Structure formats: structure tokens, C-alpha cells
Amino acid sequence: MTRRYRRKASEATRFKMKIAHQGRRNGMFGKHHTQTTKDKISKSMHDYWNWIHTYQEDDYPLK
């Protein structure tokens, strides 16, 4: 997989982005995850952390 590079955002830009997504401007504002979605997220994170704990560096060498 090729590595992606991008410019670092300045502190001013990061602050503007932070303000732009606060409160009512946030896409999830006033919404809640359904129980089905919560279960999917939970299972996904459970599988991810189990994979991390069983990961052996020799099994997946970095190129």
C-alpha cells in the first residue's frame, strides 16, 4: 500500500475546522445510534482488538 502524504493544517485552519463542526453544524447533532449500529460497532472493535493482541510481527512483515 502506498503511503499518502498531505500538508499539515495550520493552527488557524484547525481552529476554523473545529468551529465549523460544533453544535448544530455537526452531522450527528440531535441524532442517536440505533442499538443495531451500536452492536455492529461493538463487534467490530472487539474483533479489531482481538486481532491486535494476536498480531505477530513475523506474520506480517513490513515492506
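A residue is called buried when its relative accessible area is under 20%, exposed when that area is over 50%, and partly exposed in between. By this measure W49 is partly exposed, because its relative accessible area is 44%. The same three classes will serve for the other residues discussed below, all of them taken from a predicted model.

The overall architecture may be described first. The protein chain contains 2 helices and 0 strands. Helix α1 covers residues 11-20, and helix α2 covers residues 35-54. The chain has 63 residues, of which 0% count as buried. Its accessible surface amounts to about 7,200 Å², and carbon and sulfur atoms account for 55% of that surface.

Attention may now turn to the charged side chains. Side chains of opposite charge can pair when their charged atoms come close. A salt bridge requires a side-chain nitrogen of Lys or Arg within 4 Å of a carboxyl oxygen of Asp or Glu, and the count by this rule is 2 salt bridges.

Helix α1 holds the salt bridge between E11 and R14. The closest N and O atoms of this pair are 3.5 Å apart, so the pair satisfies the limit of 4 Å. Within the helix, E11 and R14 are 3 residues apart, which is about one turn. How accessible are the two partners, E11 and R14? E11 has a relative accessibility of 60% and therefore counts as exposed, whereas R14, at 49%, counts as partly exposed.

In helix α2, a salt bridge joins the side chains of D47 and K43. Here the distance from N to O is 2.7 Å, again within the limit of 4 Å. D47 and K43 are 4 residues apart, about one turn of the helix. D47 counts as partly exposed because its relative accessibility is 37%, while K43 reaches 55% and so counts as exposed.

The aromatic side chains provide a further contact. A pair of aromatic rings is described by the distance of the centres and the angle of the planes. The structure holds 1 aromatic pair. Y48 and W49 form this pair, with 5.3 Å from centre to centre and 80 degrees between the planes. Because planes over 60 degrees apart count as edge-to-face, the pair of Y48 and W49 is assigned to that class. Y48 is partly exposed, given its relative accessibility of 41%, and W49, the residue with which this account began, is likewise partly exposed at 44%.

Methods:
Residues numbered from 1 in each chain as written. Predicted model: local features only at pLDDT ≥ 70, side-chain atom pairs only at ≥ 80, totals over all residues. Heavy atoms only, no water. Buried < 20%, exposed > 50% of the residue type's maximum accessible area, 1.4 Å probe, protein only. Areas by Shrake-Rupley, 256 points an atom, 1.4 Å probe, with all protein chains shown as cover. Phe/Tyr/Trp six-rings, centres within 6.5 Å; stacked < 30°, edge-to-face > 60°.
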